[in-house]
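Thanks for sharing this one. Here are a few notes to read alongside the model.

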Amino acid sequence: MAPVKSICCIGAGYVGGPTCAVIAYKCPDIKVTICDINPQRIAAWNSDKLPIYEPGLDEIVFACRDKNLFFSTDVDKHIQEADLIFVSVNTPTKKQGLGAGMAADLAYVEAATRRIAQVAKSSKIVVEKSTVPCRTAQSMRAILDANCSQDIKFDILSNPEFLAEGTAVSDLLKPDRVLIGSLQTESGLAAQKSLADVYAHWIPNENIITTNLWSSELTKLAANALLAQRISSINALSAVCEATGADVDEVAYACGRDTRLGAKFLKASVGFGGSCFQKDILNLVYLSTQLNLPEVAEYWKQVYSMNEYQKKRFVRKIISTLFNTITNKKIAVLGFAFKKDTGDTRESAAITLIKDFMQENARIAVYDPKVEHEQIYMDLSEPGVTDNRKAIDEKVQICANAYVAAEGADALVVVTEWDEFRELDFDRIYAGMNKPAFVFDGRLMLDAPKLRQIGFKVHVIGKNDLEGRA
């Protein structure tokens, strides 16, 4: 099989954009075109302000753009020109129909696959980049095989992404591993080698793992489920710590020193968010149910349930501490992104918390350094379901900085671990808040003893004494 010289990526989102920008950066001999049917998104990729915030991404895109990296809405043209096509479209959890609330909606994947089949005029390597349920490639293959001919053949690969938002660029430049799954046929293995050769421009061969197609698809779900399981495990222990007087940071540190466990993903918090963990766990639950493995489904569902419990438990703690009512009280929420160093809000804990605060008739002031104001309104409203934008405008204020958010507040709630929140002038914040002034640290990031010296009443997740050491 000839070396790959032209790549087309269908989907210019959080996965396709950074992934293919880094491929272009590291492979100057390969033309890379990222396509999307959304003209506003493509215009943003071609502008000075990219549609995605990731540390280091601007420099890579600006270095390659219009050289060997291009952004286009002309999907058909670039499908025809490409040797290899990444399918990197959205696979949201289904909202209705069979599997609603758990199964992945593969409509976009199927539409992209059909488009490739319709317009391709030469043989292609088609690569699943989206997070998909195990054996999705089977349906893609059925569509492509039904449209192939003597002169046009399609090979399908699975190449899941293992990016962490906020560190996506460094994850792409120095990945722990790249996983490529293929059918174990002569042409499938040749296609697998062609993609491996692309990554070999900058990744050592020992970090490029090749498997069969189904192992690759399942590994993506398994990796995210195992990571989420660790977070839910330490969050479950944080409730025990609050009830017993143990310190969850000390417990996590002591456990993490065990080389069999390791320290990563043992940080208690208000709950995990993002586009992958919840979606992939529910996907695994649905897959297990469909395979008639109810005990397996119930096991993984508990990881999701614990995450929801942690968010609700945090809300209950805030309400009970504020004398069992937050009606007409001002709650300052610091952070709206699901984690620091990203503008992504998908499944953010802040959305659940603020909606619960609104149900209790609180007044909410929100500050996040990277999330666009309109995105916050979109996440808190339910467009297409009910028109509650007016109610949100009445109850939610989006602020330019943390000091404006905290002015006149009864409580300060830290939901995202942005570094700048550690450096705030808390004497100034305390002076402007109603007394008693409460701080609820949902990320275990603030200096609680120092805040208590200033005069704050502090609650930290996983630490039990509002007045004592935390």
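The points below go from the whole chain to one sheet and a helix packed on it.

1. Please keep in mind that this is a predicted model. The protein chain contains 18 helices and 14 strands.

2. On overall dimensions, the chain has a radius of gyration of 24 Å, which agrees with the value near 23 Å for a compact globule, given its 470 residues. Along the principal axes, the C-alpha atoms occupy a box of roughly 75 × 45 × 45 Å.

3. Turning to burial and contacts, 53% of the 470 residues count as buried. The accessible surface is about 21100 Å², and carbon and sulfur atoms contribute 51% of that. Among contacts with a separation of 6 or more, 74% link residues 24 or more positions apart.

4. Now the sheet: 8 strands form an open sheet with mixed pairing, in the order E3-E2-E1-E4-E5-E6-E7-E8. The edges are strand E3 (69-72) and strand E8 (208-212); each has a single partner strand, so one side of each is left without a neighbour in the sheet. From one strand to the next, the twist averages 25°.

5. What is the pairing sense of E7 and E8? Strand E7 (residues 178-182) runs parallel to E8, with 5 bridges between them. Within this pair, isoleucine 180 lies opposite threonine 210 of E8.

6. Do take a look at helix H9 (residues 213-244), which packs on the sheet. H9 touches strand E5 (124-128), strand E6 (154-158), E7 and E8, and its direction makes about 115° with that of E8.

Methods. Residues are numbered from 1 along each chain as its sequence is written. This is a predicted model: local features need pLDDT of at least 70, side-chain atom pairs count only at pLDDT 80 or more; totals for chains, interfaces and linings use all residues. Side-chain values use heavy atoms; hydrogens and water are left out. Two strands pair if DSSP finds at least two bridges between them. Helices (H or I, at least four residues) and strands (E, at least two) are DSSP runs, numbered from the N terminus. Axes are lines fitted to C-alpha atoms, for helices over the stretch in contact, and angles run from 0 to 180 degrees between N-to-C directions. Contact means heavy atoms within 4.5 Å. The radius of gyration is taken over C-alpha atoms; the globule rule is 2.2 Å times the number of residues to the power 0.38. Buried means under 20% relative accessible area, exposed over 50%, partly exposed in between (1.4 Å probe, protein chains only). Accessible areas come from the Shrake-Rupley method with a 1.4 Å probe; for residues, only the protein chains shown count as cover.
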